[in-house]
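Q: Got a minute to go through this one with me? I'd like the overall picture, then the pockets, then a few odd residues.

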Amino acid sequence: MAAANGSSDLSSEMEVDAFRRLFPLRFHEHHLLKSVRPDARKLGSARDTTLALGAVASADGSALAKIGSTTMLAAIKMEVMTPIVECPDEGSIAIEFHMPPICSPLVRPGRPAEAASVISKQLSDTILSSGMIDLKELCLVGGKAAWMAYLDIYCLDADGALFDTALLSAVAAFSHLNIPVVSLNDDGRIVLVSEDTVRLKLEKEPVNTEKRKLKLNSLPFSLTCILHKNYILADPTAEEESIMETIVTMVLDSSYQLVSLNKPGGPVLSHTSVIQDCIALARRRVKELQSVLNEAISDMEVD
């Protein structure tokens with residue numbers, strides 16, 4: 001009798017899986033009628049989120065972020081550069097988002113993913129427009145030397161909400177960043193000072209005498225939602241994104257103020273109340289992400 005029940009359950013599970021593969025939209029809409037998603041989440045709930053700082057020992061700042069299965073590794077390297085003439089007292093930030101073939105079966109070897117360049121620009125625009133970093137903080141010697149922060153983000157698993165996870169990893173990496181010690185050499189140039197040299201007496205006074213944290217202002221966090229009929233689904237999976245066309249991403253700062261709203265294509269939204277509902281979900285999500293980041297920082301300090 002038990003064997004018969006087990007066989008029946010297996011058969012039923014296979015039928016559900018087949019229905020999901022053949023009619024994915026109908027499968028999801030069946031769950032939406034019950035205000036639940038296939039992974040048992042409520043419509044407005046995000047997936048479990050984890051964050052680990054210092055994931056790359058050779059980087060000046062790094063973080064590993066996971067939202068559900070979506071995984072991002074962010075690493076920052078600092079280099080001394082000559083500031084541009086238009087902004088002699090400011091440093092610069094260069095952001096590159098990478099999607100290697102291991103992150104998704106949709107990414108083919110030898111062919112860059114179209115989403116990578118889009119997300120790179122979106123991240124650059126968000127971080128610079130949010131006011132999180134004052135570029136003057138990256139200046140070393142006005143008109144002569146400043147920091148260039150190279151931020152590389154690698155997508156290790158692409159299961160939806162890529163921008164949200166990438167932005168979280170970027171903010172966490174900058175929170176972990178330790179700006180290296182530099183000094184003037186005999187030619188009057190700025191050079192990096194190794195940790196061994198720091199322990200010795202330098203012939204010239206260092207420009208910055210010890211590694212320091214970058215002062216961060218209002219931190220940006222984001223939430224992507226899918227709009228389908230009368231439903232709003234927060235933090236979509238890759239499967240949900242592939243079958244429902246209207247996607248909206250809200251970026252809010254740590255004061256819960258709207259920084260940007262991005263809606264790439266899809267039908268025109270007929271009611272402003274929909275956007276207001278999305279922003280309300282984003283405000284709740286920002287509070288969750290701030291808690292995750294603060295916990296990761298605390299864990300790093302304990303270690």
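A: Sure. Buried residues account for 42% of the 303 residues in the protein chain. Keep in mind that this is a predicted model.

Q: How many helices and strands are there in the chain?
A: The protein chain has 7 helices and 15 strands.

Q: And what about the contacts, what share joins residues at least 24 apart?
A: That's 68%, counting contacts between residues at least 6 apart in sequence.

Q: What does the accessible surface come to?
A: About 16400 Å² for the protein chain, and 53% of that belongs to carbon and sulfur atoms.

Q: OK, pockets. How much space is in the largest one?
A: The largest pocket holds about 870 Å³. Its lining has 28 residues, and M99, A115, I119, L162 and E241 are the ones nearest the centre.

Q: Which elements give two or more residues to that lining?
A: Those are α3 (114-129), α4 (162-176), α6 (238-243) and β14 (246-253). The largest share is from α3, with 5 residues.

Q: How does the lining of the largest pocket split by class?
A: You get 15 nonpolar, 7 polar and 6 charged residues.

Q: Switching to cavities: how many of 30 Å³ or more?
A: The count is 1. The largest cavity has a volume of about 50 Å³.

Q: Which residues line the largest cavity?
A: The lining is made of G44, S45, A46, L223, A234, L281, R284, R285 and E288. Helix α7 (residues 272-302) gives the largest share, 4 residues. By class, the lining of the largest cavity has 4 nonpolar, 2 polar and 3 charged residues.

Q: While we're on α7, what does Q290 touch?
A: Q290, which lies in helix α7, touches F221, S254 and Y256, leaving out residues up to four places away in sequence. Q290 and P220 are also 9.8 Å apart in space, C-alpha to C-alpha, with their positions 70 residues apart in sequence.

Q: Now α2. Which residues are buried there?
A: In helix α2 (residues 24-32), F27, H28, H31 and L32 are buried. They're on the same side of α2, because they cover an arc of only 140° around the axis.

Q: Why would residues three or four places apart point the same way?
A: An α-helix has 3.6 residues a turn, so residues with that spacing point the same way.

Q: Any backbone oddities? What's phi like at A40?
A: A40 has a positive phi of about 75°, although it is not a glycine. You'll find A40 in the loop between α2 and β1 (49-53).

Q: Is A40 buried or exposed?
A: Exposed: A40 has a relative accessibility of 61%, and the cut-off for exposed is over 50%.

Q: What about A161, where does that one sit?
A: A161 is in the loop between β6 (145-157) and α4. Phi of A161 is near 50°, again a positive value in a residue other than glycine.

Q: And is A161 buried or exposed?
A: A161 counts as buried, because its relative accessibility is 2% and the cut-off for buried is under 20%.

Q: Last one: which strand has T71?
A: T71 is found in strand β3 (residues 70-81). T71 is buried too, with a relative accessible area of 9%.

Q: So what does T71 touch?
A: T71 touches L64, A65, K66, Y154, C155, L156 and D157, not counting residues up to four places away in sequence.

Technical notes: Residues numbered from 1 in each chain as written. Predicted model: local features only at pLDDT ≥ 70, side-chain atom pairs only at ≥ 80, totals over all residues. Heavy atoms only, no water. 1 Å grid on protein atoms, 1.4 Å probe; cavity = no way out; pocket = protein on both sides within 12 Å on 5 of 7 lines; lining within 4 Å. Points joined across faces, edges and corners; volume = space filled by probe spheres on them. Nonpolar A, V, L, I, M, F, W, Y, C, P; charged D, E, K, R; others polar. Buried < 20%, exposed > 50% of the residue type's maximum accessible area, 1.4 Å probe, protein only. Contact = heavy atoms within 4.5 Å. Areas by Shrake-Rupley, 256 points an atom, 1.4 Å probe, with all protein chains shown as cover. Arc of directions from axis to C-beta.
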